[in-house]
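Visitor: I have not seen this structure before. Could you take me through it?
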Amino acid sequence: MLDAAIGSGRHERPCVFEVFARRLPDSRRYGVVAGTGRLLELVEQFRFGDEELSFLSRNSIVSPTTIEWLANYRFTGDISGYREGDAYFPGSPVLTVEGSFAEAVLLETLALSVLNYDSAVASAAARMVSAAGARPIAEMGSRRTGERSAVASARAAYIAGFSATSNLEAGRSWGVPTMGTAAHSFTLLHDSEEEAFQAQVDALGPSTTLLVDTYDVENAVELAVKVAGTGLGAVRIDSGDLATQVASVRAQLDSLGATKTRITVTNDLDEHAIAALRAAPVDSFGVGTSVVTGSGHPTAGMVYKLVAHHNDAGEWVSVAKKSTAKATVGGHKAAIRTMEHGIATSELIYQTAEGRPEVDGRDLIVPLMTAGTADARWLGDGGTLAARDHREDALAELPQTAFRLSRGEPVLPTLYR
C-alpha cells in the first residue's frame, strides 16, 4: 500500500485511522484496554534499519523510491485514545492515529498485534479478578505462550488486577510485582519429600510456599508443618478436586496449629473455576494457560480503519466501508461515558467536528502521543501502575450486571451522534 500510494502521489495526504472492536467476544459484557503503554514505546522506536531495508530491496518487495523513503521513517503524527485500563465496548474509538497516510498505515500491524493481545488478556484477567473477590491472583502463564507474549501478558494481567507474576522480565521491564513457586521437579529431585521441604525452608525461610500434591497431600501437609513449623507461609495444591481438597487441607492445617498458613491453588483455573471456589477456604490463586490465552478468546478482534483524509482542496473528508456486516462509521470521533448517579449508562460516540454534546459523563479520549513523542504519563513502570489504578476506577463505574459470568450482551449500549 505504501509503495502504491507513493506512486500515486497520495502518500502525504493527512489521514485519520481508528482502532475499534466491532463486537465483544461471546459472553463478555465489557472489555479492558491494555497494551497502550507498550505500543507508544514501540512506535517511538519503530525504524527501518540496514538489515530490513536490504531484505526489502533484495526481494524486490517495494521500489527503490520507497526504500529511500523508509530509510528516513519516523512517526511524527499524533495519537489519542482511551486511557490504558479503561473499559471499552463495541465501536469504542480505542485509538486514533493522525498523520500522513504513509506514516500512519505502517503502524497498522504493530498497533493491532499489541492492542488485540494485551486487551484480550486484560479482559479475561479482569473477569477472574471479579470472580476472586478480595483474594489475590498470580499470573503464571509464561510457559503457555510465546516468549515475548509472556512478558506482555504478565503486564496486562497486572493492569487488570492480578497481584503478581512469575515472569521476572515483566518485573524488570514494567515494575510488575514478582513471585515464585517450587515445581514438582524440585520435590522429585530429592530423596524424600521431607528433604525437599527442608531444602526449600533452609533457602527461603518458613514463610515460603510448599507444594504438597506431588505424592500424598495429607502426608505432605503433615511434613510441611513438621519442617517449617506452624508459621509456614502457605501450601500450594495443583491437582485433584480442589473444593474438597482445600477444605480437607484447611482442617488439617488448623488441627496442626498452622491456623495462619495460607492455601493457594493452581491447576488450570479460569474465571468459572475461581467462581466455583468462592465458598472454599482458598486464600489465593495462580492462573496460567487461561489468562495468557484470553480464556478462550486470544484476540480482542480490534481493527484499524481509515475514517478521514484530506481531499485535494485540503478539506477533511469522512470515509467509511459499506461492506456487509463490516460497515464502519467515518469521521474523526470522540467518546463520552454517560453517567447517572455515578453509574455508567452508555458509550456515546460523536463527531469531533460537531462539538461535544451537552451530556453528563466522563470524556474518554486523552492525548497519548504528540508529533511523534509519547506522553510520559503513560510509559514505563509509572504508566503501568497508572493503568492498573485507572482500571479499578473505570470498572467501578459499571453496573453490577457487568460482572456476571453468564452469557450476555455488552453492559452499556453504544450510541452515535
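Guide: The conversation below covers a helix, two pockets and several salt bridges.

Visitor: What should I know before we start?
Guide: This is a predicted model, in which local features need pLDDT of at least 70, side-chain atom pairs count only at pLDDT 80 or more, and totals for chains, interfaces and linings use all residues. Residues are numbered from 1 along each chain as its sequence is written, and side-chain values use heavy atoms, with hydrogens and water left out.

Visitor: How far does helix 6 reach from its first C-alpha to its last?
Guide: Helix 6, residues 108-132, has 25 residues and reaches 36 Å, close to the expected 36 Å. The expected span is 1.5 Å times one less than the number of residues. Helices (H or I, at least four residues) and strands (E, at least two) are DSSP runs, numbered from the N terminus.

Visitor: How many of its residues are buried?
Guide: In helix 6, 21 of the 25 residues are buried. Buried means under 20% relative accessible area, exposed over 50%, and partly exposed in between, with a 1.4 Å probe and protein chains only.

Visitor: What comes just after helix 6?
Guide: G133 follows, with a positive phi of about 70°.

Visitor: Now the pockets. How much space lies in the largest one?
Guide: The largest pocket holds about 370 Å³ of space. Its lining has 17 residues, and R143, R144, R236, D238 and T266 are the closest to its centre. On a 1 Å grid over the protein atoms alone, a pocket is an open set of points where a 1.4 Å probe fits, with protein on both sides within 12 Å along at least five of seven lines; lining residues have an atom within 4 Å of a point. Grid points are joined across faces, edges and corners, and a volume is the space filled by probe spheres set on the points.

Visitor: And what classes of residue line the largest pocket?
Guide: Five are nonpolar, seven polar and five charged. Ala, Val, Leu, Ile, Met, Phe, Trp, Tyr, Cys and Pro count as nonpolar, Asp, Glu, Lys and Arg as charged, and the others, Gly among them, as polar.

Visitor: Which residues lie nearest the centre of the second largest pocket?
Guide: They are M179, G180, T209, T264 and S284, out of 19 lining residues. Strand 9 (234-237), strand 10 (262-265) and strand 11 (284-287) each give two or more residues to that lining. Strand 11 provides the largest share, three residues. The lining of the second largest pocket has seven nonpolar, 10 polar and two charged residues.

Visitor: Changing topic, how many salt bridges are there?
Guide: The whole structure has 18 salt bridges, each a side-chain nitrogen of Lys or Arg within 4 Å of a carboxyl oxygen of Asp or Glu.

Visitor: Which residue does R38 pair with?
Guide: R38 pairs with D118, with the closest N and O atoms 2.9 Å apart. R38 lies in helix 2 (residues 36-45) and D118 in helix 6, so the pair ties together parts that are 80 residues apart in sequence. Both R38 and D118 are buried.

Visitor: What about R337 and D86?
Guide: Their side chains form a salt bridge of 2.8 Å, N to O. R337 is in strand 14 (residues 333-340) and D86 in the loop between strand 3 (78-82) and strand 4 (87-88), 251 residues apart.

Visitor: Is R337 buried or exposed?
Guide: R337 counts as buried because its relative accessibility is 0%.
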